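Here are a few notes for you to read with the model open in front of you. Take the points one at a time and find each residue as you go.

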Amino acid sequence: MGRLKELLAQKQILVLHGPLGTELEAMGYDVSGKLWSAKYLLEKPEVIQELHEIYLNNGSNILTTSTYQATIPGLEAAGLNPEQAADIICLTVQLAHQARDNYWQNLSDEQKTQTIYPLISGDVGPYAAYLADGSEYNGQYGKVSLQELKDFHRPRIQLFLEQEVDMLALETIPNRLEVQALTELLSEEFPQVEAYMSFTAQETGKITDGTSLKDVITLVEDCTQILAVGFNCTQPRLYDELLQELRTLTTKPLVTYPNSGETYDGATQTWHYSHEGEGSLVEQSLNWIHLGAQIVGGCCRTRPAEIAALAQAVRKQNE
């Protein structure tokens with residue numbers, strides 16, 4: 001731990017790993033079912049490593065583990081025992097390490113001097129991903145308690161640290177109670193962690209469950225382990241206003257990785273075209289960088305070619 005804080009302090013702009021599930025789908029793989037892309041950790045883990053290497057070769061600086069949908073309870077529900085489920089979480093980090101090793105070994109010495117050594121980020125997806133009902137996009141978790149959310153997230157974070165990730169991605173968070181659970185968990189139990197947190201939003205001024213940005217940022221500001229904050233898997237058209245408000249609430253670097261502008265139906269697990277964005281991911285991201293974004297990328301339904309174009313633009317910004 002320590003490299004994310006150092007890079008952000010140097011005002012480096014970092015490009016995130018792109019989506020796994022929707023890219024596997026684009027490659028012809030079936031990602032239906034509650035485990036989504038995580039089922040290929042059981043059936044064909046080499047394809048996950050292959051995708052990691054694709055994103056690295058397209059310029060990603062942060063390599064995100066394939067654990068958005070991979071949780072201990074979710075894997076147990078798929079028939080694994082607790083030890084097997086833990087092994088799968090560990091495997092996700094091992095695949096990322098191997099992908100990074102392969103990528104780095106293929107660079108020349110000169111290329112290495114011009115390239116950020118990629119960080120491996122443990123993906124802490126929301127409780128909503130375990131529910132697999134699309135609640136990332138409504139924030140409604142029912143009667144789950146603060147303690148239950150802490151107990152849900154704790155084992156995966158512990159395994160990430162044992163496997164030596166560089167940082168955590170607390171991503172696609174739609175619910176205030178979950179923000180509280182994660183910030184308290186990091187502050188009380190994982191003081192050595194470096195992380196960013198990104199929310200989902202369906203309108204400006206609030207996260208998905210209706211909680212005001214001011215309310216959730218107050219929780220994030222009290223957690224020194226969270227080094228950057230922003231939004232992901234949110235329609236691009238909302239980002240300008242969301243980021244402008246965030247900038248008035250925090251001095252932390254901002255995080256942006258929107259979806260393609262399409263709308264997800266959790267009941268049918270399908271995407272519906274809705275061209276809401278203006279301009280390309282590169283054009284939008286360059287604008288958001290001017291608003292304070294230092295961690296940028298694309299979420300669901302964006303493609304490796306878009307990450308490559310973004311990485312090329314970011315390299316010019318970092319010069």
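What separates Asp-151 and Arg-154 in helix H9? About one helical turn, because the two are three residues apart in that helix. Keep in mind that this is a predicted model.

1. Let's stay with that pair for a moment. The side chains of Asp-151 and Arg-154 come together in a salt bridge, at 2.8 Å from N to O. Asp-151 counts as partly exposed, with 38% relative accessibility. Arg-154 has 17%, so this residue counts as buried; the cut-off for buried is under 20%.

2. Now zoom out. How many salt bridges does a search of the whole structure find? The count is eight. One to look up is Asp-166 with Arg-100, whose side chains meet at 3.0 Å, N to O. Asp-166 sits in the loop between helix H9 (146-162) and strand S4 (167-173), while Arg-100 belongs to helix H6 (residues 82-105), so this salt bridge ties together parts that are 66 residues apart in sequence. Both Asp-166 and Arg-100 are buried.

3. Go back to helix H9 for another salt bridge, this time between Lys-150 and Glu-184, with the closest N and O atoms 2.7 Å apart. Here too, distant parts of the chain are linked: Lys-150 is in helix H9 and Glu-184 in helix H10 (residues 176-189), 34 residues apart. Is each partner buried or partly exposed? Lys-150, at 8% relative accessibility, counts as buried, whereas Glu-184, at 23%, counts as partly exposed. There's a third member to find as well: Lys-150, Glu-184 and Glu-188 are joined in a network of salt bridges.

4. Last stop, the cysteines. Which residues does UniProt list for "binding site"? The unreviewed entry gives Cys-233, Cys-299 and Cys-300. They span 68 residues in sequence, yet no two of their C-alpha atoms are more than 6.3 Å apart, so the three gather at one spot.

5. Where do you look for them? Cys-233 is in the loop between strand S6 (226-232) and helix H12 (239-249). Cys-300 is in the loop between strand S10 (293-296) and helix H14 (304-318). Cys-233 counts as buried, at 4% relative accessibility, and Cys-300 is buried too, with a relative accessible area of 8%.

Terms used
Residues numbered from 1 in each chain as written. Predicted model: local features only at pLDDT ≥ 70, side-chain atom pairs only at ≥ 80, totals over all residues. Heavy atoms only, no water. Salt bridge = Lys/Arg side-chain N within 4 Å of Asp/Glu carboxyl O. Helix = DSSP H or I, 4+ residues; strand = E, 2+ residues; numbered from the N terminus. Buried < 20%, exposed > 50% of the residue type's maximum accessible area, 1.4 Å probe, protein only. UniProt positions renumbered as here; feature names shortened; annotations may be inferred.
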